[in-house]
Amino acid sequence: MEAVLRVVPVVGETTWSFVHRVAATYGLDAADLTGEWRSANWMQHKDRGCAGGEVLLDAVAQEQLARWCRVPAGHLARALPSWAAGPQALAGRDGDGRGWMRWRTGVLEWGPVVFGCGLCAARRGAGGGRVWVYGPQWRRLCVRHGRWPLEPGGGHPLRWVEVAGLAQELGRAQRRWARVARAAQEGGVAPREVFALARAVVCWWWER
């Protein structure tokens, strides 16, 4: 495939999401791109459209993807959390010039996956298609577009909710979270446990 279009990753995006977007830019399916690589393991077909799935690429496959999207591999390494794990996970495999990939359950290693902001993705190429990013519950706000991304599989068709009227307040809360996380760690408590408790209290207030 001759690279003529540019697709830039969203910060925190899953590599599998980015492969989908690069393929969509050229009017292809993700399988059309992954078919160029050898697979080190097997993934059920139904799981290949799952947001929690991830694909790791060796150095050869990474360079090929970088050419297809016209973005340097170094930039991809900074934007995609799982990128650095690929060459190590696939070290020592000889593909006779072909790249290698390995399927992985990304949520187990890089945290929860949510829908990314479609408007941010559109500005980076591939139109308004879906994008998946790794995002803890306390850091998901898109300040630029006033959107709060939602998790896939929530029993509804929504990818995000509009929070433009609360964007400043939510932005301040996210900036202050670092202090809360440090205090939790100093007290021997995982930050996610503090957030889960606060969320439970707010949900209880809402229900009443």
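This section describes helix 8, the aromatic pairs and the charge–ring contacts of a predicted model.

Helix 8 comprises 20 residues, from 167 to 186. At a rise of 1.5 Å a residue, a span of 28 Å is expected, and the C-alpha atoms at the two ends lie 29 Å apart, in agreement with that expectation. The helix nevertheless contains a kink of about 35°, and the centre of this kink is arginine 176. After helix 8 comes glycine 188, which has a positive phi, near 80°.

Six residues of helix 8 are listed as buried, namely Ala167, Gly171, Gln174, Trp177, Ala181 and Ala184. An α-helix has 3.6 residues a turn, so residues three or four places apart point the same way. The cover over the buried residues of helix 8 includes strand 6 (147–149) and helix 9 (191–207).

Helix 9 also enters the aromatic contacts of helix 8, through a pair formed by tryptophan 177 and phenylalanine 195. A search of the whole structure returns 6 aromatic pairs. A pair of aromatic rings is described by the distance of the centres and the angle of the planes. For tryptophan 110 and tyrosine 134, the centre-to-centre distance is 6.0 Å and the angle between the planes is 50°, a tilted arrangement. This pair joins distant parts of the chain, as tryptophan 110 belongs to helix 6 (residues 107–110) and tyrosine 134 to strand 5 (residues 132–134), with these positions 24 residues apart in numbering. Tryptophan 110 has a relative accessibility of 22% and therefore counts as partly exposed, the limit for a buried residue being under 20%. Tyrosine 134, with a relative accessible area of 10%, is buried.

In the pair of tryptophan 177 and phenylalanine 195, the ring centres are 5.9 Å apart and the planes meet at 85°, so the geometry is edge-to-face. Because tryptophan 177 is part of helix 8 and phenylalanine 195 is part of helix 9, the pair ties together parts that are 18 residues apart in sequence. Both tryptophan 177 and phenylalanine 195 are buried. Together with Trp138, the residues Trp177 and Phe195 make up one aromatic cluster.

Arginine side chains are also found over aromatic rings. Arginine 93 is positioned over the face of tryptophan 100, at 5.0 Å from the ring centre. Arginine 159 is placed over the face of phenylalanine 115, where the corresponding distance to the ring centre is 5.8 Å.

Terms used. Residues are numbered from 1 along each chain as its sequence is written. This is a predicted model: local features need pLDDT of at least 70, side-chain atom pairs count only at pLDDT 80 or more; totals for chains, interfaces and linings use all residues. Side-chain values use heavy atoms; hydrogens and water are left out. Helices (H or I, at least four residues) and strands (E, at least two) are DSSP runs, numbered from the N terminus. The expected span of a helix is 1.5 Å times one less than its number of residues. The bend at a residue is the angle between axes fitted to the seven residues ending there and the seven starting there. Buried means under 20% relative accessible area, exposed over 50%, partly exposed in between (1.4 Å probe, protein chains only). Contact means heavy atoms within 4.5 Å. Rings of Phe, Tyr and Trp (its six-membered ring) pair if their centres lie within 6.5 Å; planes under 30 degrees apart count as stacked, over 60 as edge-to-face and the rest as tilted. A charge sits over a ring if NZ of Lys or CZ of Arg is within 6 Å of the ring centre and within 35 degrees of the ring normal.
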